[in-house]
Amino acid sequence: PKIVFIEHNGKEHVVDATVGKSIMQTALDHSVPGILGDCGGECSCGTCHCYVADPAWQQRLPPIAENEEVMLEGTLHTEANSRLGCQLKVTEEFDGLVLRLPHSQV
Ligand code: FES
């Protein structure tokens with residue numbers, strides 16, 4: 001599935017994601033700047049924060065689990081469309097997903 005990452009400066013990265021990998025790992029694998037993944041995907045650093053660009057997609061993604069919710073509460077600049085990239089595992093249904101990356105994660 002194709003996933004689009006948009007850096008805070010507007011630079012777009014269209015990547016071919018691998019099913020089963022997390023969004024965080026997908027960004028790292030494709031050298032997308034703006035996702036750090038400092039904790040390695042343990043839901044404990046908040047540096048894989050991204051914004052779901054299209055509101056319609058917020059409903060289509062798997063719901064936010066409690067640990068993701070708690071971590072998001074402690075993360076800078078969260079919005080209603082915030083997600084943690086390490087908690088989203090790519091499926092075929094993710095094709096066309098657009099994620100914006102926060103200014104604070106560079
Ligand atoms: Fe640390 Fe996602 S990689 S919370």
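Here are some short exercises on the structure above, each with a worked solution.

The model is predicted: local features need pLDDT of at least 70 and side-chain atom pairs count only at pLDDT 80 or more, while totals for chains, interfaces and linings use all residues. Residues are numbered from 1 along each chain as its sequence is written.

**Exercise 1. Work out which pattern of helices and strands the chain follows along the sequence.**

Step 1: Start with the definition. Helices (H or I, at least four residues) and strands (E, at least two) are DSSP runs, numbered from the N terminus.

Step 2: Count the elements. The chain has 3 helices and 5 strands.

Step 3: Read along the sequence, and the pattern is β-β-α-β-α-α-β-β.

Step 4: Now check the overall form. The radius of gyration is taken over C-alpha atoms, and the globule rule is 2.2 Å times the number of residues to the power 0.38. The chain has a radius of 12 Å, close to the 13 Å that the rule gives for 106 residues, so it is as compact as a globular protein of that length.

**Exercise 2. Find the strands that pair with S1, and say how each one runs.**

Step 1: Recall that two strands pair if DSSP finds at least two bridges between them.

Step 2: Look at S2 (residues 12-16). This strand is antiparallel to S1 and joined to it by 5 bridges, with lysine 2 opposite aspartate 16.

Step 3: Follow the turn. S1 and S2 make a hairpin with 5 residues between them, and glycine 10 in the turn has a positive phi of about 95 degrees.

Step 4: Turn to S5 (residues 97-100). Here 4 bridges join a parallel pair, and isoleucine 6 has arginine 100 as its bridge partner.

**Exercise 3. Decide whether proline 63 is buried or exposed.**

Step 1: Locate the residue. Proline 63 sits in the loop between helix H2 (55-60) and helix H3 (66-73).

Step 2: Set the cut-offs. A residue is buried if 20 or more other C-beta atoms lie within 10 Å of its own, exposed if 12 or fewer, and partly exposed in between; C-beta atoms are placed from the backbone.

Step 3: Apply them. Proline 63 counts as exposed because it has 8 C-beta neighbours inside 10 Å.

Step 4: Compare with the whole chain, where 29% of the 106 residues count as buried.
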